[in-house]
Amino acid sequence: MTSHDYASDPTLALAQALIRRASVTPLDVGCQDLLASRLEPLGFNCQRLPFGDVENLWATRGDTAPRFVFAGHTDVVPTGPATQWTHPPFEGLIRDGMLHGRGAADMKGSIAAFITACERLLGRHPELQGSLGLLITSDEEGKAVHGTVKVIEHLEAAGQKFRYCLVGEPSSTRKVGDIIKNGRRGSLGAVLTVKGIQGHVAYPHLARNPIHLSMAALHELSHQEWDGGNDSFPPTTLQISNINSGTGATNVIPGSLEAVFNLRFSTELDVETIQLRVAAILAKHELDYDIEWTINGLPFLTEAGDLVAAAQAAVQDICGYPSELSTSGGTSDGRFIAPTGAQVIELGPLNATIHRIDEQVSAEDLITLSKIYERIMERLLVTDQR
């Protein structure tokens, strides 16, 4: 396609319209209104589910099993200094075959591809062997406490289930569709406060230096072999992300030290086991401490099945090359959906520029992605395509 042709492509036009709404988390700025205006003519019932200051959209068409759901978020991370962008971050410009702007890859491009895939599919197959849904939130990039997790709680309480869920997070690395995420590691954070006794550096025998006391324990924690991973997950790792101590003066032994760390853990471990092992290491080094834990997400895995097979076949059909399954990377809203029993995958555009200045995505890739999404739905919901 030429740049002129790109301007008339439905997927790119919708992606541009979404990017032009500066929906920095947790704001939606009318993105979900725009989506509802496209979905309602297709027969979707668009239900608004606001929680706190967060806008959520639950759109469904039909109630026949199996239900296939697209999940995504309209919120984006802040742009940083707009003057450092080559193109304004909220103009959605297409230049040299690339769509530029905050959210182009993460993940307004995917949401646009959701919508146009549904439009084409329903134009050709208005009667599906199943039903469709879209779960869209404006609280994924921020605290993620009033978004997908709350919608899932609402749906579970109402007895609304779905079998398949495709999250449009940017999963690809070298070319669109080359990586499909079929799971994610768990994320467990901790704030460790080691207590000492403040004093003058000239009289160390009257004080207890929490920095000195902590060094061996922190070294052991960071070099611990937590597990060996498995066929689907790499080994669990612990990373210390922040250490704070001291008054700023050179002649004062501090009274406490705070260390912040995070574990990305596989299905070989559970939270309780990790916490017990950390406690044993801290006890071994005779530390006086407090620790606060935060469970950001549990590991999940979608085994080989209908959804994985349909996604891999769709990439092969549309792109002509195979895709690889992976559980690498950070967390996503899939962690809230997988515990319902749904099969969950993540499939989206290249992730090379997400959260960066000059975020961008190939215009051709978004067009291709929409075709992949359409093909997946065909394979799962159209009888003669299975």
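**Entry 1: overall picture**

I take accessible areas from the Shrake-Rupley method with a 1.4 Å probe. On that basis I looked up the accessible surface of the chain, which comes to about 16,500 Å², and I note that 50% of it belongs to carbon and sulfur atoms. I keep in mind throughout that this is a predicted model.

For the extent of the chain I took the principal axes, along which the C-alpha atoms fill a box of roughly 80 × 45 × 40 Å. The chain has 386 residues, and I find that buried residues make up 52% of them. For the secondary structure I noted ten helices and 19 strands. I also looked at contacts between residues at least 6 apart in sequence, and among these 80% join residues at least 24 apart.

**Entry 2: the sheet of strands 4, 5 and 19**

I followed an open sheet of three strands, in the order 4-5-19, whose pairing is antiparallel. Strand 4 (94-95) and strand 19 stand at the edges and have a single partner strand each, so one side of each is left without a neighbour in the sheet. Between strand 5 and strand 19, which run antiparallel, I find three bridges, and in strand 19 the bridge partner of histidine 100 is glutamine 360.

I then asked myself which strands helix 2 and helix 10 touch where they pack on the sheet. Helix 2 (residues 10-19) touches strand 4 and strand 5, and its direction makes about 20° with that of strand 5. Helix 10, by contrast, touches strand 5 and strand 19, and its direction makes about 65° with that of strand 19.

**Entry 3: salt bridges**

My count of salt bridges comes to 15, and I looked up several of them in detail.

I began with aspartate 33 and arginine 48, which form a salt bridge with the closest N and O atoms 2.9 Å apart. This pair links distant parts of the chain, since aspartate 33 is in helix 3 (residues 31-39) and arginine 48 is in strand 1 (residues 45-48), 15 residues apart. I find aspartate 33 partly exposed, with a relative accessible area of 45%, and arginine 48 also partly exposed, with a relative accessible area of 34%.

Next I turned to arginine 102 and glutamate 359, whose salt bridge has its closest N and O atoms 2.8 Å apart. Arginine 102 lies in the loop between strand 5 (98-100) and helix 4 (108-124), while glutamate 359 lies in the loop between strand 18 (343-346) and strand 19 (360-362), so the pair ties together parts that are 257 residues apart in sequence. Are these two residues buried or exposed? Arginine 102 is buried, and glutamate 359 is buried as well.

I went on to arginine 124, which forms a salt bridge with glutamate 378, the closest N and O atoms being 2.2 Å apart. Here too the pair links distant parts of the chain, with arginine 124 in helix 4 and glutamate 378 in helix 10 (residues 363-381), 254 residues apart. Arginine 124 counts as partly exposed at 45% relative accessibility, whereas glutamate 378 is buried, with a relative accessible area of 8%. I also traced how salt bridges that share partners join Arg120, Arg124, Asp317, Glu374, Arg375, Glu378 and Arg379 into one network.

**Entry 4: backbone geometry**

Where do I find cis peptide bonds? One joins alanine 65 and proline 66, with omega about 0°, and I place proline 66 in the loop between strand 2 (56-61) and strand 3 (67-73). Another joins aspartate 106 and methionine 107, with omega about -10°, and methionine 107 sits in the loop between strand 5 and helix 4. I note that arginine 102, from the entry on salt bridges, lies in the loop between strand 5 and helix 4 too.

I also looked up positive phi values in residues other than glycine, and alanine 144 has phi near 55°. I find alanine 144 in the loop between strand 6 (131-137) and helix 5 (148-157); its relative accessibility is 7%, and the cut-off for buried is under 20%, so alanine 144 counts as buried.

Histidine 355, which is not a glycine, has a positive phi of about 65°. Histidine 355 lies in the loop between strand 18 and strand 19, and at 42% relative accessibility I count histidine 355 as partly exposed.

Terms used:
Residues numbered from 1 in each chain as written. Predicted model: local features only at pLDDT ≥ 70, side-chain atom pairs only at ≥ 80, totals over all residues. Heavy atoms only, no water. Salt bridge = Lys/Arg side-chain N within 4 Å of Asp/Glu carboxyl O. Helix = DSSP H or I, 4+ residues; strand = E, 2+ residues; numbered from the N terminus. Buried < 20%, exposed > 50% of the residue type's maximum accessible area, 1.4 Å probe, protein only. Pairing = 2+ DSSP bridges. Contact = heavy atoms within 4.5 Å. Axes fitted to C-alpha atoms, helices over the stretch in contact; angles between N-to-C directions.
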